[in-house]
Amino acid sequence: MGPGLRNVKLCVVPFLLGARSCRSLLKARTLRKMTPKNSSSNGRNSTADGQYATMTEIKKKMLKSFGLEPGFTTEPKSREDLLKYQPKFEDLPARSMQDSFCSAIIPLSTNAVLQDKYINFRGFARVGRLLEDMDIFAAWCCNRHLKVPNLPEGVPLPYSLVTVLVDRIDFTSVSPQGTQDIRLSGHVSWVGTSSMEVVVWLEQIVNEEYQKITRALFLMAARNATNTAAAPVNPIQPANEEEKLILAGGTDRKKQRQVLIAQSVFKVEPNAEEQSLIYKLYKRTTPDEQTGPRRLLPPNCIWMHDSSQMSTIPSFPEHRNQNNTVFGGFLMRSALEISWATAFLYLKARPTLEHISDISFQKPVSVNSFIKMTAYVVYTQENYLQIMTVAEVLDAYTGNHVTTNTFHYTFSAPDVVTEVLPRSYHETMWYIHGRRKFIASRSQASKNPG
């Protein structure tokens, strides 16, 4: 057992189940139960001296398990020979959540070079950097879950892993210090035929015990060794009642995601309440007796198109994943940082990140791409603002734009914020969509305080 684990007071099950009554189910005793007694076939949870592995060590282990090596080549190493080891679903043994549970450390207290990479000018850890590590760690949990029977010794795992979406990321009041170690923990919480949901959380020692910083749900897709088709994954056999509850929650979340996608304002018309709101917005921004196109900005308001900030980022091989496309964590960090800057410039005060909701990865991004990030303030209420950031890949030769990701962030401010208003119908749909995201984020915060 790693140092400090006995003092953990993190509660993961309530977050997964969305029920306050389950908060007592996952205290320190549950984390102790979920800590593997023996190292798995896919790699150890800790180093030889009993300390947690670092994220640098985790990255090396994962490269080795997939048969990959550090260093960039224009022609990636072929993995076609691994296709013959691709298992059939019926041949895969069931796994428990304990099999994939693990922890790792970002050693900021002892690595000054790492501190420079993670710290901001106020001495806190950069959340964008932590998101990158969480994405990698989610893939590592999947790696530990996958077990291929009769795979010859020394043969790499015949899989590729792809981040499909990040369901939601909640933040506590703990501000991560840039000079103290941060612990990541997580496990596979639900599986489909070829997909795995992973819960990942971060902690840092405050007042001599680990306190939660943030937690997130990642949905990962398992692909074959050449990333050309879906690949089956091991089913989950819950090891206890707590794992049964978590697994059932994963099934419910899948259904909820499907409902939300089907009801998106970009697919079906707004509901009656929202249509009434749209009409009120029109009346507020149209002069009396005006039938023409002129719009009037009310006092103490800002047009949505005036709230935006944009950045164009060239990507490089250092940003690649095992599939030689841009690593999803890099996109999450880049989007968060421009969103934070947008919130800061809009508020003229330092914003606080409260929530990140359903990040979707729609298309892979080549490592030689230009990535355009545009952030908009799409909704405001009291001392909160909702930001939508759109990532597009630019073709430098044709000028074509392809949207690859959309990100949604909820920030809070010290004071009441200036109201943002849409001017066009297109912006009005963004406004309604942002309002839905904001309401959902506050509802979730009320269910899972702290």
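**Close-up views of a predicted chain**

**View 1. Much of the contact map links parts of the chain that sit far along the sequence from one another.** In this predicted model, residues 24 or more positions apart make up 75% of the contacts with a separation of 6 or more. The chain has 450 residues, and 52% of them count as buried. Its secondary structure adds up to 10 helices and 12 strands.

**View 2. Here's the outside of the chain.** The accessible surface is about 21,300 Å². Carbon and sulfur atoms account for 52% of that area.

**View 3. Ten strands line up in an open, antiparallel sheet.** Reading across, the strand order is 1-3-4-5-2-8-11-10-9-7. The edges are strand 1 (102–106) and strand 7 (309–314), each of which pairs on one side only. Ignoring direction, neighbouring strands of this sheet are turned by 25° against each other on average. As a reminder, strands of a sheet pair through backbone hydrogen bonds, either parallel or antiparallel.

**View 4. Zoom in on strand 2 and strand 8, an antiparallel pair.** Strand 2 covers residues 159–171 and strand 8 covers residues 352–361, with five bridges between them. To pick out one bridge, look for valine 166 and its partner in strand 8, isoleucine 359.

**View 5. Helix 6 (residues 127–145) packs on the sheet.** This helix touches strand 1, strand 2, strand 3 (182–191), strand 4 (195–206), strand 5 (209–224) and strand 8. The direction of helix 6 makes about 45° with that of strand 3.

Conventions
Residues are numbered from 1 along each chain as its sequence is written. This is a predicted model: local features need pLDDT of at least 70, side-chain atom pairs count only at pLDDT 80 or more; totals for chains, interfaces and linings use all residues. Side-chain values use heavy atoms; hydrogens and water are left out. Helices (H or I, at least four residues) and strands (E, at least two) are DSSP runs, numbered from the N terminus. Buried means under 20% relative accessible area, exposed over 50%, partly exposed in between (1.4 Å probe, protein chains only). Contact means heavy atoms within 4.5 Å. Accessible areas come from the Shrake-Rupley method with a 1.4 Å probe; for residues, only the protein chains shown count as cover. Two strands pair if DSSP finds at least two bridges between them. Axes are lines fitted to C-alpha atoms, for helices over the stretch in contact, and angles run from 0 to 180 degrees between N-to-C directions.
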